[in-house]
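Q: Please take a close look at the enclosed space in the interior of this model, beginning with what the term for such a space means. I would like one connected account of what surrounds it and of how that relates to the packing and the open spaces elsewhere.

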Amino acid sequence: MAGTIKPRSSAELRQAVEWALAEGATLDVRGEGSKLALGRPMECDQVLDLSDLSGIVDYAPEELVVTLRAGTPLSEVEALLAQRNQMLAFEPPDLGPLLGREAGQGTLVGAVMGNFAGPRRLSAGAARDHLLGFSGVNGRAEAFKSGGKVMKNVTGYDLSKLLAGSWGTLAVLDEVSVKVLPAPDQTRTLLLHGLSDEAAVTAMCAAMGSPHDVSGAAHVGDRTALRLEGVAPSVEARLQGLRGLLAGTGAALEELGTLESRAFWREVRDAAPLVPAPADIVWKISCPPTEGPAIVGRIRAQRSAAKAFYDWSGGLVWLALPPSVDGDHAIVRGAIGPAGGHATLIRADAAVRAAVPVFQPQPPALAALAGRVKESFDPRGLFNPGRMG
């Protein structure tokens, strides 16, 4: 059974990596551990627990920047920002309940390392687009920094883009600076009832291409939802424009106010519709928006019990399948088709995650490049070995 190392400072973090490098010990890098069930199972010599590296280092509301330690809970960051009516615009999801954990246990750095983003990904970008800078330790036990605490920081290589989405396999972060934005005064949602998947994607794409500044577009069950945010007069005017634009769909229209809207989009963000069936295998498919219904159709032709809902105007498909020994990965990935896309296995038991590629297999040239990047940052393979395949 692996032991646990809990550094309490930047110096102790570097010492821990120095020790691992000298001993040839592999490290299971984690914050709160809320996403341990995502990725391939690992067998590491030690757990590097970052939960004691916690707390807000600096918050400058006027500069729209917050700097925090790697183990700081996401809930703590969001509560701090709410006091100044600000937010993390990329809407990091809380996948704890989907993965069999309690809600509210993840860290902001964990969301960044997975490059997670919620429904506002369409208008605000992914997590990597909000990471301004960081400090950490690479697999050579070298402390390094990248970026800074200002929004216009383009000096040198943009390592923030590289580290986001690396799942802790390249370096251990100690401190990050993240861009924040003012929270909207009002949120309204226009619901269209009864559209097919194909008609819903057509309506969502039309709304996203309109001048009405839609910040969320999802299709869940028989409801197609379009979110508008901002100051009240602007939201009202854009809502009426959106009603006129979509009047020809023939769908029954309904509006949700601010509180109802926030609850609805929180459920979409956290993939809540798939939580009540914990035995189901869950996939996350990213694709061109107009391809989503076709991909789901090809999967349902072979697995009629497949359940799906759409976010990002159809460009993100959350898919649930009955349990199987291989997660039906060949069916899921085979359904993506020539238009492109990728599928990530989000929830399955350890045996399935050990047997199949959790992350989309890369083309040979890209895999070779990723290998050279890994070699540069962590040549001995200390950090989260095997988690990404």
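A: A cavity is a set of grid points where a 1.4 Å probe fits but cannot get out, and a residue belongs to its lining if it has an atom within 4 Å of one of those points. The model examined here is a predicted one.

The second largest cavity is a good place to start, and its lining consists of Pro93, Phe116, Ala117, Gly118, Pro119, Val268, Arg269, Lys284, Asp311, Trp312, Leu316 and Trp318. Helix 8 and strand 17 are the elements that contribute two or more residues to that lining. The space inside the second largest cavity comes to about 60 Å³, and the residues around it fall into eight nonpolar, one polar and three charged.

One of these lining residues, Trp318, leads from the cavity into the surrounding packing. Leaving aside residues up to four places away in sequence, Trp318 is in contact with Leu95, Leu98, Ala271, Leu274, Val282, Trp283, Lys284, Lys307, Ala308, Phe309 and Ile346. Among those partners, Lys284 is itself part of the lining of the second largest cavity. Trp318 is also named, together with Ile299 and Leu319, as having the most contacts inside the largest nonpolar core, which has 47 residues. At least two residues of this core come from each of strand 12 (214–220), helix 8 (258–269), strand 15 (281–286), helix 9 (292–302), strand 16 (307–311), strand 17 (316–321), helix 10 (329–334) and strand 18 (342–347). Of these contributors, strand 17 gives the most, with six residues. Separate from this core is a second one of 44 residues, which includes Ala16, Leu68, Val137 and Phe377.

Helix 8, which helps to line the second largest cavity, has a part in an open space as well. The second largest pocket has a volume of about 580 Å³, and of the 20 residues that line this pocket, Met87, Glu91, Arg120, Arg262 and Arg269 lie nearest its centre. Arg269 therefore appears in two linings, since it is also listed for the second largest cavity. Helix 2 (74–83), strand 6 (86–87), strand 13 (223–230) and helix 8 each provide at least two residues of the pocket lining, with helix 8 giving the most, five residues. By class, the lining of the second largest pocket comprises eight nonpolar, four polar and eight charged residues.

Helix 8 also contains Ser261. Ser261 is buried, with a relative accessible area of 0%, and, not counting residues up to four places away in sequence, it touches Thr187, Arg188, Thr189 and Leu256.

Helix 2, another contributor to the lining of the second largest pocket, has Leu74, Val77, Leu80 and Leu81 as buried residues. Because these four cover an arc of only 130° around the axis, they lie on the same side of helix 2. The buried residues of helix 2 pack against strand 4 (56–60), strand 5 (65–69), strand 6 and helix 3, whereas the exposed residues Ala82 and Gln83 are on the face turned away from that buried side. Following helix 2 comes Asn85, with a positive phi near 55°.

Helix 3, against which helix 2 packs, leads on to the other enclosed space. The structure holds two cavities of 30 Å³ or more, and the largest cavity has a volume of about 340 Å³. Its lining is made up of 24 residues, of which Val29, Arg30, Gly31, Gly110 and Met113 lie nearest the centre. Strand 2 (27–30), helix 3 (108–113) and strand 9 (171–179) are the elements that give two or more residues to this lining, and the lining residues divide into ten nonpolar, ten polar and four charged.

The largest pocket, finally, brings strand 15 and strand 18 back into view. About 1,300 Å³ of space lies in this pocket, and 44 residues line it, with Gly165, Trp167, Phe359, Gln362 and Met388 nearest its centre. Two or more lining residues come from each of helix 5 (159–163), strand 15, strand 18 and helix 12 (364–377). Helix 12 gives the most, with seven residues, and the lining of the largest pocket has 23 nonpolar, 14 polar and seven charged residues.

Notes
Residues numbered from 1 in each chain as written. Predicted model: local features only at pLDDT ≥ 70, side-chain atom pairs only at ≥ 80, totals over all residues. Heavy atoms only, no water. Core = buried A, V, L, I, M, F, W, Y, C linked by side-chain atoms within 4.5 Å. Buried < 20%, exposed > 50% of the residue type's maximum accessible area, 1.4 Å probe, protein only. Contact = heavy atoms within 4.5 Å. 1 Å grid on protein atoms, 1.4 Å probe; cavity = no way out; pocket = protein on both sides within 12 Å on 5 of 7 lines; lining within 4 Å. Points joined across faces, edges and corners; volume = space filled by probe spheres on them. Nonpolar A, V, L, I, M, F, W, Y, C, P; charged D, E, K, R; others polar. Arc of directions from axis to C-beta.
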